[in-house]
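Student: I have a protein chain to study, and I would like to learn how to reason about it step by step. Could you take me through it with questions and answers?

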Amino acid sequence: MYHLPPLPPRVTKTYRPNRKPLAEISKKTPELPIPPSSPLQRQLSRSKPVVSLADGFVLELETPSSGEYPALPPDEATNQPFRIAAGVYNFCTALKPSLPGGAYYAPGDANMVHGSMYGRQLYTRLNDHVSQHMIRVAERSREFTGDDLLSFYNQEWIKYGDAAKTIHHIFDYLNRHWIQREQDEGNNVCDINTLMFRIWRNNFFMDVRNSLLESVFSLMKRIRDGQVADLNLVKSVVDSFVSLGNDDMATGSKKMEVYDSYFLKPFIEGSRQYYQAESERVLKEGSIRNYMIWVFNRLKEEDDRAEMYLHESSLREFGDALNKVLIGKQRSNLISEFKPMLVAQEKDDLGRLYELLKRLGETSGLEPLREVFREFVKEAGLEAVKKVCGDKEAAESVANRSRLFVQALLTVHGLYTGILHDSFKDDPGLSKALDHACQSFINTNDMCTGPEMDAARLLANYCDTLLRKGNANARAAGDAGASTEDNLEKHLAQVICVYRYLNNLDVFQMTYVRSLARRLVNEQSVSSHGEETMISLLKEVSGVDFTSRLSRMFSDITVSKDMSEKFKDSLREAGAANFEFDVKVLNTGSWPLKAPETNLKLPAELDGTIDRFIEFYDKQHSGRRFNWLWQYSKADIKMFFPKTSGPAAKAGYTFTVTTYQLAVLSLFNADSGPGTGYDSDDGPTLAFDQIVTATELDKSVVLSELELFCKARLLNSSENNQATETAKYTLNSGYKSKRLRTNFAAAKKPDQKKEDKEMQKSVELDRSVNIQAAIVRIMKARKQLVHRELIQATIDNIKLFHPQISDIKESIDKLIDTGYIERDEDDRNLYKYLA
């Protein structure tokens with residue numbers, strides 16, 4: 001093998017031909033200084049230099065001793081390629097070529113002699129000489145078959161490739177001058193390197209190609225059948241096919257002609273026939289499930305092998321051919337196994353099926369899977385919610401119903417999200433199918449039967465259960481050993497998972513705000529960290545428009561705490577701190593709280609403290625008006641009963657009451673006896689009208705509070721202990737209870753149905769405003785739209801909820817009445833924007 005050093009620099013001396021006739025030019029020309037002992041010198045002395053190109057290559061060049069070339073280094077062994085290149089140079093630049101018979105050719109144009117005669121002669125003799133050598137190699141190849149033929153072919157290919165590279169460098173002068181000029185003139189001449197591969201193809205490859213392919217296919221069949229064989233033999237042969245296809249562009253041949261025509265097409269067809277027979281055999285011997293596993297393994301093996309010996313441009317074509325035979329023909333049978341695999345949760349087989357059908361493409365392979373997956377998950381979700389509806393625990397309370405509902409949703413979503421990740425590699429199409437299925441069964445199911453009981457409200461109630469004190473059981477279900485805060489964060493993250501699928505985000509937001517307001521006002525939040533975590537999660541999904549209101553609510557609570565502490569300090573300094581007093585000053589625009597529906601006259605002790613706080617607040621913030629929300633206020637009072645015995649006689653009973661309850665009970669705190677106007681030694685006896693007059697509360701509110709106290713045996717009624725407007729009431733001086741602390745305020749639950757109706761009206765009003773605002777934005781940008789386009793644009797523009805078409809039409813009519821848009825006079829289906 002030759003390792004060619006760089007050629008010596010070309011001489012810069014310009015040859016100037018003699019003005020005498022060419023026939024009279026002296027034959028004596030400068031000779032290249034070559035050692036006398038070199039083979040090239042001995043041949044040049046006989047005008048027939050012998051050029052040893054590779055094993056078996058000997059080329060005789062009839063070259064006159066003429067031309068100029070720089071001197072070569074003295075080391076003959078190292079510089080043999082230089083010497084041969086010098087011979088080529090001298091041959092190409094000779095002025096009087098020796099021709100057969102001792103004559104020489106002398107045309108009128110010496111440049112033509114130099115550029116055409118010698119170049120063509122050298123090019124043709126090289127082609128003939130190497131062609132004869134390859135014919136002899138082809139004759140020797142007939143002695144081999146099978147793997148021996150492949151080995152012989154590869155060995156010859158390696159030697160020939162090295163020789164071709166060397167010869168290409170030796171004939172560099174010919175490439176750069178004569179061949180380049182011939183190509184520029186449009187003649188069918190290629191460079192020496194391409195010529196060498198063309199000679200290999202025409203004189204050797206075309207003779208042995210059939211036997212060669214039979215040997216390749218036989219070796220591949222043995223490998224596919226599990227036998228041991230040398231795959232490198234195939235790789236080397238295929239690489240030669242690729243190289244043989246790199247023809248000179250001047251010939252107009254295809255770049256991969258040899259590889260595509262003589263190897264790839266027959267190889268693909270042979271592989272198709274092989275696997276067609278194998279697939280039929282496997283199906284007869286086993287089930288479609290076994291066939292799927294067999295195909296999965298076989299295709300993986302073929303892919304690995306193909307990357308080793310096939311050209312990268314043909315990997316797709318080869319893979320598609322195998323997919324069509326092994327997968328395409330059994331596509332419907334494979335898809336029919338998808339649903340049973342989902343039922344059995346066979347993640348490994350699901351992964352194999354996904355990988356196989358993915359090879360058929362999006363439309364033919366994966367789209368049918370997505371449809372089956374979407375419907376299956378939807379049915380699973382509906383069935384899970386249906387079981388919750390029949391659960392006795394769900395019927396006990398709204399909190400239980402919400403908790404079981406959300407847990408059922410999360411169970412289904414978590415199960416198939418895991419399958420999506422483990423088996424389907426988070427495929428975007430299947431992920432979208434999962435989202436569609438979850439959105440469907442979360443919003444439309446047996447539990448979500450109307451506006452008062454939909455998924456958004458149930459989820460908001462579940463959040464309230466998680467974040468409110470006293471619901472540790474509902475927050476259980478965390479990992480063993482995890483802290484309460486860790487469990488809480490985990491469940492809040494799951495809430496956001498369901499929140500993303502809600503159709504009516506506005507209903508969730510309104511319900512959540514009201515629940516948060518109750519927790520903050522009543523100081524029932526399980527932790528400020530949990531509340532802040534939830535707000536942060538909502539902010540990531542819904543943005544700051546919603547969460548900014550929640551943040552303002554927290555800010556009000558923080559400011560109120562500081563203000564309460566300062567007010568308490570002022571009371572202590574004035575010596576007026578008769579009891580603990582805490583007040584929350586809330587911004588009306590941030591809180592979903594309404595003013596009380598009844599008047600109230602506070603007890604004198606509390607009334608004086610209220611006046612002091614107003615005076616204290618006005619000194620810091622002038623011009624603000626207070627609206628006292630007594631219905632949300634509470635108080636802790638301690639009561640002693642004359643006839644009570646045991647620990648309560650000394651410690652008393654502590655009651656947590658609302659402000660309304662405090663006003664009623666304070667009336668029974670007056671002393672009794674002669675001259676007090678009361679007719680009982682145990683305390684005052686009050687008629688219903690007296691209580692109403694003293695508290696200034698509505699009769700319905702007073703009657704509700706009296707019912708609670710009579711039921712708890714805290715008050716006695718003159719009418720069989722029933723609270724009526726005609727009865728008289730007195731304090732039960734012998735009140736007894738196993739608990740020293742009782743929360744009467746918690747017993748006063750708000751009217752849920754009334755709140756739901758009020759909230760629904762508020763939701764409808766907000767939606768109407770949002771729809772109208774969306775229509776105005778659209779029309780302002782578009783100026784005019786037809787009815788159908790306006791309806792669709794409005795639906796696309798609103799993200800908080802899914803607007804009904806009837807509501808959109810109603811909003812359009814309102815905007816026409818208010819002068820924002822108008823109908824076109826000629827086309828009543830066209831709307832125009834009015835600036």
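Tutor: Let us begin with a definition: a residue counts as buried when its relative accessible area is under 20%, and as exposed when that area is over 50%. Please keep in mind that this is a predicted model.

Student: Is serine 768 buried or exposed?

Tutor: Serine 768 lies in helix H29, which spans residues 752-782. Leaving aside its neighbours within four places in sequence, serine 768 is in contact with Ser811 and Lys814. Its relative accessible area is 17%, and because the cut-off for burial is under 20%, serine 768 is buried.

Student: Phenylalanine 424 is in a loop; what is its relative accessibility?

Tutor: The loop that holds phenylalanine 424 runs between helix H16 (398-422) and helix H17 (428-443). Apart from neighbours within four places in sequence, the residues in contact with phenylalanine 424 are Phe338, Leu350, Tyr354, Phe373, Ile419 and Leu430. Phenylalanine 424 counts as buried, and its relative accessibility is 0%.

Student: How many Å apart in space are phenylalanine 424 and leucine 353?

Tutor: In sequence, phenylalanine 424 and leucine 353 are 71 residues apart. Taken from C-alpha to C-alpha, the distance in space between phenylalanine 424 and leucine 353 is 9.3 Å.

Student: Are helices H20 and H22 roughly parallel or roughly antiparallel to each other?

Tutor: The axes of H20 (residues 505-521) and H22 (residues 544-574) come within 11 Å, and they cross at roughly 10°. Angles under 35 degrees count as roughly parallel, and therefore the description that fits H20 and H22 is roughly parallel.

Student: Which residues make the contact of H20 with H22, and how many of them are nonpolar?

Tutor: From H20 come Gln509, Tyr512, Val513, Leu516, Ala517 and Leu520, while H22 brings Phe546, Arg549, Leu550, Met553, Phe554 and Ile557. Sorted by class, the contact has one charged residue and one polar residue, and the number of nonpolar residues is ten.

Student: How many residues of strand E4 are buried?

Tutor: On one side of E4 there are Tyr653, Phe655 and Val657, on the other Thr654, Thr656 and Thr658, and both faces are covered. Strand E4 (residues 653-658) is thus largely enclosed by the rest of the structure, because the number of its six residues that are buried is six.

Student: Which strand pairs with E4 in the parallel sense?

Tutor: Strands of a sheet pair through backbone hydrogen bonds, either parallel or antiparallel. Strand E3 (residues 634-639) pairs with E4 in the antiparallel sense over six bridges, and there alanine 635 has valine 657 as its bridge partner. In another pairing, threonine 654 has arginine 741 as its bridge partner. That second pairing is parallel and has three bridges, and the partner strand, of residues 741-743, is E8.

Student: Which strands stand at the edges of the sheet with the order E9-E11-E10?

Tutor: This open sheet has three strands with antiparallel pairing. An edge strand has a single partner strand, so one side of it is left without a neighbour in the sheet, and the strands in that position are E9 (784-786) and E10 (821-823).

Student: At about what angle to E9 does helix H30 run?

Tutor: Helix H30, which is made of residues 787-797, lies across E9 and E11. Relative to E9, the helix H30 runs at about 100°.

Terms used:
Residues are numbered from 1 along each chain as its sequence is written. This is a predicted model: local features need pLDDT of at least 70, side-chain atom pairs count only at pLDDT 80 or more; totals for chains, interfaces and linings use all residues. Side-chain values use heavy atoms; hydrogens and water are left out. Axes are lines fitted to C-alpha atoms, for helices over the stretch in contact, and angles run from 0 to 180 degrees between N-to-C directions. Helices (H or I, at least four residues) and strands (E, at least two) are DSSP runs, numbered from the N terminus. Angles under 35 degrees count as roughly parallel, over 145 as roughly antiparallel, 65 to 115 as roughly perpendicular and the rest as oblique. Contact means heavy atoms within 4.5 Å. Ala, Val, Leu, Ile, Met, Phe, Trp, Tyr, Cys and Pro count as nonpolar, Asp, Glu, Lys and Arg as charged, and the others, Gly among them, as polar. Buried means under 20% relative accessible area, exposed over 50%, partly exposed in between (1.4 Å probe, protein chains only). Two strands pair if DSSP finds at least two bridges between them.
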